[in-house]
Amino acid sequence: MKGLNLLALCAVYGASTWAHEQCTSGPLGDECADEAGLSLLQFGRQAAARGRAAGHSHSNATEGATDALNEWAILSITHYHVKEEHTNDWFSHADVYARVKVHPSGKGYASKMIVNKNKGNVDLHLYVPRSATSATIDLYDQDDVFSDYLMGSVNLPLLNSPNCCAQSQVGDTGCDYKLSMHRADGTRDIGTVSASVISGKGMQTRARELNYRGVLVLFEDITRTKDTMASFSIKSVDIEQELSYARAGSVIPESFHGIFWMDQRGVHLPLPSDPGYKHVCNVSATEILVSYGAAGWNPETLCVEGLRQYGGPPIGGQWTWFMQEGGESRSWAKGEEWNAKYDFCFRDKTFQEVDVYVGVSVNHIMGETLGNALGSWTKDTYITVPRVINNVKMNKKPWGWDRETTIAPEAFRSVIKATFMEQFGTTLGNAAESLMAVFSGYLQEDMMRNGIACNYPVFQIIDGHGRQTEHFQAYLDWATNGREDINTGNGSQLVGRQVG
């Protein structure tokens with residue numbers, strides 16, 4: 001009956017100015033939703049966060065979990081077809097990418113580029129909140145010399161708009177569209193683009209299926225700021241229900257399936273199977289777990305892409321922190337890493353060695369330094385922290401991973417800053433100083449002065465099937481030990497999630 005009601009609503013709405021060519025219930029329903037690795041508890045926390053200003057706070061509310069399944073949706077922009085006469089290329093096909101702006105927030109997202117194809121799939125997926133009323137979808141033809149050419153646009157109604165996808169049924173089945181694009185000058189029928197909106201349990205299944213394919217669902221937009229993320233309390237014993245992790249069957253390499261404990265203090269050593277392995281480092285961060293279920297996979301570069309320490313998707317999480325006095329993580333609250341993303345790149349197809357690259361958004365560093373956001377549609381350009389400054393790698397071991405980190409001393413970084421300032425002047429030199437601060441992250445002062453060389457073990461504690469491994473109990477004992485200096489969570493820890 002749900003599908004019939006949705007189709008009826010779509011049939012009525014189909015005659016409107018949105019020019020829907022089709023609007024049908026989608027293929028995703030309740031099946032396997034409980035296996036998606038996304039707990040109902042998460043949605044209860046989102047319900048608690050709804051209506052308040054996003055900020056550095058946490059909640060452990062669990063009431064209203066079922067209703068909160070509809071607090072967010074995944075908006076997918078997929079297949080497009082642009083008619084030849086409406087491209088900007090005389091001797092080739094268009095180099096197409098999509099831009100999406102969500103209303104009323106104005107948040108902007110961009111897809112990958114499809115080279116030399118007037119027909120294809122941009123495969124763009126992003127989380128949108130219930131407060132969103134519509135999205136403007138623009139298709140561009142990328143130009144290497146002049147400004148990129150806007151081929152066509154269309155508006156799509158979202159959850160907070162009076163149309164078929166605002167109804168509760170969308171939570172189970174989704175709503176699919178094939179939209180006719182137009183231009184600002186009134187030219188119509190320049191081509192089509194397919195889109196879908198899905199919330200609730202169907203969104204859980206969609207998120208899992210996309211991770212199986214190695215597709216990143218965007219939770220951070222081009223215009224993001226720190227206050228679009230908040231920290232949430234999760235139970236240390238329930239991590240497989242709370243975090244987004246790569247599951248068995250995913251294209252993400254098997255050695256990254258599950259949830260991993262970063263044992264930065266070496267409390268689970270020595271190992272009977274490898275008594276010679278040593279933890280070498282006199283410093284450590286207050287982070288504890290990492291997982292790859294909200295990341296993307298690039299088969300060409302062999303990189304697991306798009307991890308964030310500071311943030312994460314609104315319905316899961318990928319990086320956790322110890323809870324300290326006052327119910328916060330001081331390192332997380334400082335937010336010095338909010339603008340960085342992490343790519344875990346295997347060196348070859350033996351999948352035994354990984355280089356971890358830290359990327360920083362240049363336009364956000366410049367925007368903060370120069371006091372402007374550099375515009376909604378400034379391309380989100382990342383630069384990678386030079387490995388001579390911050391070199392992080394991982395080596396596969398029979399028991400897990402050996403994580404190695406080398407931080408260059410302050411004297412070396414000062415030379416880089418001075419060179420940058422000499423070449424580009426004081427203003428951009430100050431931007432370089434901000435950039436170096438992000439490179440340095442939340443490291444302690446003596447680490448910054450002298451540099452460090454560390455290694456520590458990383459253990460899989462939940463496998464790709466959601467089962468506890470032999471290392472889980474050691475993790476749980478450490479995570480719930482109640483040490484006053486780093487862990488006052490009484491069995492809880494913190495994870496960053498999108499709230500705005």
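Which residues are linked with R347 in a network of salt bridges? I began my notebook with that one, and found R347, E353, D355 and K393 linked together. A reminder to myself before going further: this is a predicted model.

**Entry: the network around R347**

I looked up the pairing of D355 with R347 and found a salt bridge, with the closest N and O atoms 2.9 Å apart. Then I asked how covered each partner is. D355 has 6% relative accessibility, so I put it down as buried. R347 comes out at 39%, so I noted it as partly exposed. The bridge therefore joins a buried residue, D355, to a partly exposed one, R347.

**Entry: the whole protein**

I stepped back for an overview. The protein has 500 residues, and 56% of them count as buried. I listed 11 helices and 22 strands. Next I checked the contacts between residues at least 6 apart in sequence: 74% of these join residues at least 24 apart. For the surface, I wrote down an accessible area of about 20900 Å², with 52% of it belonging to carbon and sulfur atoms.

**Entry: the disulfide**

How many disulfides does a search of the whole structure find? It finds 1. The partners are C303 and C345, with an S to S distance of 2.0 Å. These two cysteines link distant parts of the chain, since C303 belongs to strand β14 (residues 303–307) and C345 to strand β16 (residues 340–346), 42 residues apart. I also looked up the handedness. The torsion about the S-S bond is about 110°, so this disulfide is right-handed.

Are the two cysteines buried or exposed? C303 has 7% relative accessibility, and the cut-off for buried is under 20%, so C303 is buried. C345 is at 9%, so it is buried by that cut-off too. While on cysteines I looked at C175, which has a relative accessible area of 0% and is therefore buried.

**Entry: salt bridges elsewhere**

I counted 9 salt bridges in the structure. A note for the margin: side chains of opposite charge can pair when their charged atoms come close.

One of the bridges joins E220 to R308, and the closest N and O atoms are 2.7 Å apart. This pair links distant parts of the chain: E220 is in the loop between α5 (200–213) and β10 (229–235), while R308 is in the loop between β14 and β15, and 88 residues separate them. I checked both for exposure. E220 is at 12% relative accessibility, so it counts as buried. R308 is at 7%, so it counts as buried as well.

Another bridge brings together the side chains of K341 and D343, at 3.1 Å from N to O. I found both K341 and D343 buried.

**Entry: nonpolar cores**

Which residues have the most contacts inside the largest nonpolar core? That core has 44 residues, and the ones I wrote down are Y127, F256, Y292, V304, L307 and F344. A second, separate core has 33 residues, including I114, L139, L158 and I190.

I followed Y292 a little further. Leaving out its neighbours within four places in sequence, Y292 is in contact with several residues, among them F256, V304, L307 and F344. Its partners also include N211, S244 and G258.

**Entry: D148 and its polar partners**

Where is D148? I found D148 in the loop between β6 (134–141) and β7 (149–157). Its relative accessibility is 19%, and because buried means under 20%, D148 counts as buried. The side chain of D148 makes a polar contact of 2.5 Å with the side chain of Y97. A polar atom of the D148 side chain also lies 3.0 Å from the backbone nitrogen of D143.

**Entry: G316**

My last look-up was G316, in the loop between β14 and β15 (319–322). G316 has a relative accessible area of 0%, so it is buried. I also noted its spacing to A294: the two are 22 residues apart along the chain, and their C-alpha atoms are separated by 8.0 Å.

Note on methods: Residues numbered from 1 in each chain as written. Predicted model: local features only at pLDDT ≥ 70, side-chain atom pairs only at ≥ 80, totals over all residues. Heavy atoms only, no water. Helix = DSSP H or I, 4+ residues; strand = E, 2+ residues; numbered from the N terminus. Buried < 20%, exposed > 50% of the residue type's maximum accessible area, 1.4 Å probe, protein only. Contact = heavy atoms within 4.5 Å. Areas by Shrake-Rupley, 256 points an atom, 1.4 Å probe, with all protein chains shown as cover. Disulfide = S-S within 2.5 Å. Polar contact = N/O pair within 3.5 Å; in protein donor to acceptor, adjacent residues only side chain to side chain. Core = buried A, V, L, I, M, F, W, Y, C linked by side-chain atoms within 4.5 Å. Salt bridge = Lys/Arg side-chain N within 4 Å of Asp/Glu carboxyl O.
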